[in-house]
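This briefing is intended for a reader who is meeting the structure for the first time. Please keep the sequence and the model in view while reading the points that follow.

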Amino acid sequence: MLACDSCGATFADTGRKRCECGEPLWYVLDLDGSSIRTEERGLARYLDFLPVDELQGLGTGVGETPLFEADRLTVDADYDLFLKDETVAPTGSFKDRGSAVGVAAALERGHDAVGTVSHGNMAMSMAATAASVGMECHVFVPEDIPEERLAYIGQYGPTVVTVEGDYGQLYDESVALETGRSIDFVNSDVPLRVAGQKTTGMEIVEAFDLDGPDALVLPTSSGGHASAVWKGLRDLQAASLLEAFPRLYFVQAAACDPIATAFRDGADDVSPISKSETIAYSIANADPPSGNRALAAARATDGGVLSVSDEEILDAMDRLAKEAGICAEPAGATTLAGIDALSDRGEIGSGETVVGIITGTGFTEEIRTEVAPPEHVALGDLGDYLDRVGS
Ligand SMILES: *Cc1c(COP(=O)(O)O)cnc(C)c1O
Ligand SMILES: [Zn+2]
């Protein structure tokens, strides 16, 4: 069944994406007796919680990303920081979780093709996931998309369509026009994507024996992943598996922070803003389709939504690389900048356990962090060099 968390309306699963009230829908399944299939790998471990009968082989290489303590990043801090490293996903971001479930469902339901509205990670992820099962994929990008990004997406062989007109309206247009056609759009916060992406949150609490962490921090843009993490925890709770609910904190770039603005203002709803440029282009949605749901998640869990400057994001990227060995894109590093800000404000208590999700890799990006120039050595002087550094 599909349900609206805002007005409570429910719908049979006919592929509908939004409620009559305008809010996004998500799947509500009967989870009585559901369990995590610990003998399976990847997303297949959560099949009881997913709206598909099978993952068609798509789930095994997706999910089960590393979670590790990042103690060098918190030497002076009195809390324990763990990072959930989504940069190691097949196409470098958590989007692969949602794409796997979206494409598996499209196969199961007999669709001929999938589509997505994205010029970044979701486009790459959908194109790669569809390619892995031989399904047709249509990716709608803005006309001013950078060449390199086109190549990253195009290498997987989707049909890439540049769109003239207001790109911001394409999301709604695509899901309105797909009705009755055999193409399924798996956009940023549609029910199938949210179902797949909720597994990030489930894996995290599972690593803490379903009794922790105290706080969970991730960047937010459309609000899709934020809603999904909340939903994953709620599903585990509905299956009577979750012992304690973490506080959820969402981080935005200050140049484009409609959800953080609504949170700060105590507003009932998120209003669109006019954004300025940020290096964190993956989280620059000025009119987030799941903004209200993300806001509700932060409030319901006693967490929050905050914003950080580009300068703080750059610093976080540098520290993630140099102190934790993680190459994150700006959006992905926003998490660490957010955790620093929360800690400064005293929102993270002494002795608490915090998990930050590093959502995407920097391997497909220009390197913006400080890189020291190389040293130079003549072959005959190698021994001297090694004496110098090794003794
Ligand atoms: C898509 C994306 C986000 C934002 O996710 P939403 O579901 O749109 O809120 C954050 N980080 C990275 C790396 C992304 O690709
Ligand atoms: Zn509704």
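In this predicted model, the zinc ion (ligand 2) has four protein donors, C4 (SG), C7 (SG), C19 (SG) and C21 (SG), which lie 2.3 Å from the ion. The points below describe that site, then the surroundings of ligand 1, and then a number of individual residues.

**The zinc site**

- The site of the zinc ion (ligand 2) is tetrahedral, with angles of 102 to 122° among its 4 donor atoms.
- Along the chain, the donors of the zinc ion (ligand 2) are spaced according to the pattern C-x2-C-x11-C-x1-C.
- Among these donors, C7 and C19 form a pair that links distant parts of the chain, the two residues being 12 residues apart.
- C7 is found in the loop between β1 (2-4) and β2 (10-11), whereas C19 is found in the loop between β2 and β3 (25-27).
- Is C7 buried, partly exposed or exposed? With a relative accessible area of 45%, C7 is partly exposed.
- C19, for its part, has a relative accessible area of 6% and is therefore buried, since the limit for a buried residue is under 20%.

**The surroundings of ligand 1**

- Ligand 1 is surrounded by 16 residues, of which the closest are K95, N121, S222, H225 and T359.
- Sorted by class, the shell around ligand 1 comprises 10 polar, 4 nonpolar and 2 charged residues.
- Which part of N121 approaches ligand 1? A polar side-chain atom of N121 is placed 2.7 Å from an oxygen atom of the ligand.
- Backbone atoms also take part: a polar backbone atom of H225 lies 2.8 Å from an oxygen atom of ligand 1, and a polar backbone atom of G223 lies 3.1 Å from an oxygen atom of ligand 1.
- Ligand 1 taken alone exposes 390 Å², and the protein buries 96% of that area.

**Residues in helices α5 and α6**

- G224 belongs to helix α6, which covers residues 224-238.
- The relative accessible area of G224 is 1%, so G224 counts as buried.
- Computed along the sequence, G224 and A296 are 72 residues apart, while their C-alpha atoms are 13 Å apart in space.
- K198 is located in helix α5, which covers residues 191-207.
- Is K198 buried or exposed? K198 is buried, its relative accessible area being 2%.
- A polar contact of 2.6 Å joins the side chain of K198 to the side chain of D235.

**The loop between α5 and β10**

- P213 lies in the loop between α5 and β10 (215-219), and a cis peptide bond with omega of about 0° joins G212 and P213.
- D209 is located in the loop between α5 and β10, and D209 has a positive phi of about 55° although it is not a glycine.
- L210 is also placed in the loop between α5 and β10, and its phi is near 60°, a positive value in a residue other than glycine.
- How do D209 and L210 compare with the limits for burial, under 20% for buried and over 50% for exposed? D209 counts as exposed because its relative accessibility is 67%, whereas L210 is buried because its relative accessible area is 15%.

Conventions. Residues numbered from 1 in each chain as written. Chains lettered and ligands numbered in written order. Predicted model: local features only at pLDDT ≥ 70, side-chain atom pairs only at ≥ 80, totals over all residues. Heavy atoms only, no water. Donors = N, O, S within 2.8 Å, 3.2 Å for Na, K, Ca; no water. Tetrahedral: all angles 85-135°; square planar, octahedral: opposite > 155°, others 65-115°. Helix = DSSP H or I, 4+ residues; strand = E, 2+ residues; numbered from the N terminus. Buried < 20%, exposed > 50% of the residue type's maximum accessible area, 1.4 Å probe, protein only. Near = heavy atom within 4 Å. Polar contact = N/O pair within 3.5 Å; in protein donor to acceptor, adjacent residues only side chain to side chain. Areas by Shrake-Rupley, 256 points an atom, 1.4 Å probe, with all protein chains shown as cover. Nonpolar A, V, L, I, M, F, W, Y, C, P; charged D, E, K, R; others polar.
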